[in-house]
Amino acid sequence: MDMRTDVLAHGQFFGDLVAEQRAGGFVVTLNDYGRGTAIPWHRHSEPCVTFVVAGAYRERLQRSTRECTARTLVLHEADELHADDFLAPSRCLGIYFDPRRIGMAFDRIGTVRSPALAAIATHAARELRRRDSVTPLVIEGLMLQMFGELSRADGGAIAPWLGRVRDEIASRFAEPLTHAALAANAGVHPVHLARSFRRYFGITVGEMIRQLRVEHAKSAIRGGRPLAAAALEAGFADQSHLTRTFRAVTGLTPGAFRRANRVPRS
């Protein structure tokens, strides 16, 4: 690994900048990334958050990887070394914050999937596109609400074992995971795992696995993979299983999704 890495300063993210807003102790940006974009090894000089508005990317760390799919928050501590490979055309919300100004410490890292947090971040992304004179006030309020949600559970600190469970699911969602196996790897009881997981992330283990599989299937379909192959790669038993789950989650069949995302020929 080339250790001569870029260090991004306050407010800086890679990607094509769509919009930016500074409000209170926050810098919030909206950035686009093309499919196949490879961001080199880098660090952020301060803690930051990325929300995947659309698309997906794989984040490489020194000893592991993170699967960063649509509607996922990715939380970075300062100076965490990582690189990113975009699996599909993607749009991301990037957030820097000043803990001293907002009176809040940053004590989580990794990925978080929560319907409540996703709704707040999606609202912020829309606000950046429609900007007017009250946008700074709206963005600051949304960011305070987001960090309040992150801090709600146990003072904002995620138990290390729970973070490991989440990361294991993110890297192994295509495999036949069970509560018992995940709990054994984490050294906790399955009941405690199920209860704590839902409290922190707002969804069950099974729901997270289902969402990750559907997002992976979306990326594969956008990339031109046959539906049967996309189903197996994402962890579904077969194409019929993919179709049932995909329609339940997205309201579309995989075939309809493929037609809607077909790139026109020039």
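**Exercises on a predicted model**

The accessible surface of the protein comes to about 12600 Å², and carbon and sulfur atoms hold 50% of that (Shrake-Rupley method, 1.4 Å probe). The model is predicted: local features need pLDDT of at least 70, side-chain atom pairs count only at pLDDT 80 or more, and totals for chains, interfaces and linings use all residues. Numbering starts from 1 along each chain as its sequence is written, and side-chain values use heavy atoms, without hydrogens or water.

**Exercise 1.** State how compact the protein is for its 266 residues.

*Solution.*
- Start with the elements: 10 helices and 11 strands (DSSP runs; helices are H or I of at least four residues, strands E of at least two).
- The radius of gyration is 19 Å, close to the 18 Å from the globule rule, so the protein is as compact as a globular protein of that length (C-alpha atoms; the rule is 2.2 Å times the number of residues to the power 0.38).
- Along the principal axes, the C-alpha atoms fill a box of roughly 55 × 50 × 40 Å.

**Exercise 2.** Decide whether Ile95 is buried or exposed, then list its contacts.

*Solution.*
- Locate Ile95: strand β10, residues 90-97.
- Its relative accessible area is 0%, so Ile95 is buried (buried is under 20%, exposed over 50%, partly exposed in between; 1.4 Å probe, protein chains only).
- Leave aside neighbours within four places in sequence; Ile95 then contacts Phe13, Phe26, Val27, Val28, Cys48, Val49, Met143, Met146 and Phe147 (heavy atoms within 4.5 Å).
- Take Val27: 68 residues from Ile95 in sequence, yet 5.7 Å away, C-alpha to C-alpha.
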